[in-house]
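Okay, everyone, thanks for coming. I'd like to spend a few minutes on one protein and its charged side chains, so let me put it on the screen.

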Amino acid sequence: MRMHRGSSKEVRDGPRASESLPLSAPPATVVVDLEITRGRGIEHRQLRVPPGTLVRVVLRESGCAPEGSAVLHGEVPVPLDLPIDRPMRLTVVPTFSGG
């Protein structure tokens with residue numbers, strides 16, 4: 001006769017350990033540090049956004065024009081449609097000027 005794990009005929013020494021792992025909740029917000037180049041200076045801004053927010057949305061919320069900006073993570077360009085899932089430091093370089 002085969003007994004399965006939940007059989008009432010099984011001898012138990014104590015409570016069994018749970019087989020399900022605890023769920024870890026994602027962070028409520030992610031910190032994004034922006035370094036916006038302006039002429040010879042750099043303007044620093046920090047935003048807290050929900051995980052999954054696109055770089056494009058972060059730029060709009062910071063007052064930058066996404067379509068007129070190049071965005072770098074370190075020295076690597078990142079697409080505007082990149083979802084932010086962890087704290088990041090981004091450099092924003094405006095690619096056009098008025099006049």
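Let's start at E67, which is exposed, with a relative accessible area of 56%. Keep in mind that this is a predicted model. So, who does E67 pair with? One partner is R56: the two form a salt bridge, and the closest N and O atoms are 3.0 Å apart. Now look at where the two ends sit. E67 is in the loop between α1 (55–62) and β4 (69–73), while R56 is in helix α1, so this pair ties together parts that are eleven residues apart in sequence.

R60 also comes in here. Its side chain meets that of E67 in a salt bridge, at 3.6 Å from N to O. As for how open R60 is, it counts as partly exposed, with a relative accessible area of 48%. And the chain of partners goes on: through salt bridges that share partners, R56, R60, E67 and D81 are joined into one network. If you want to click along on your own screens, those are the four residues to pick.

Okay, next pair. What does R38 form a salt bridge with? With E43, and there the closest N and O atoms are 3.5 Å apart. Buried or exposed, or something in between? R38 is partly exposed at 41% relative accessible area, and E43 is partly exposed too, at 29%. For anyone keeping a tally, the count for the protein comes to eight salt bridges, and I've shown you some of them.

Let me zoom out now. How many helices and strands are there? One helix and seven strands. Reading from the N terminus, the order goes β-β-β-α-β-β-β-β, so if you're tracing the backbone, the helix follows three strands and four strands come after it.

A few whole-protein numbers for those of you who like them. There are 99 residues, and 27% of them count as buried. The exposed surface is about 7500 Å², with carbon and sulfur atoms supplying 55% of that. On contacts: take those in the protein with a separation of 6 or more, and 45% of them are between residues 24 or more positions apart.

That's my tour. To recap the charged part, R56, R60, E67 and D81 make one network of salt bridges, and R38 pairs with E43. Happy to take questions.

Terms used
Residues numbered from 1 in each chain as written. Predicted model: local features only at pLDDT ≥ 70, side-chain atom pairs only at ≥ 80, totals over all residues. Heavy atoms only, no water. Helix = DSSP H or I, 4+ residues; strand = E, 2+ residues; numbered from the N terminus. Buried < 20%, exposed > 50% of the residue type's maximum accessible area, 1.4 Å probe, protein only. Contact = heavy atoms within 4.5 Å. Areas by Shrake-Rupley, 256 points an atom, 1.4 Å probe, with all protein chains shown as cover. Salt bridge = Lys/Arg side-chain N within 4 Å of Asp/Glu carboxyl O.
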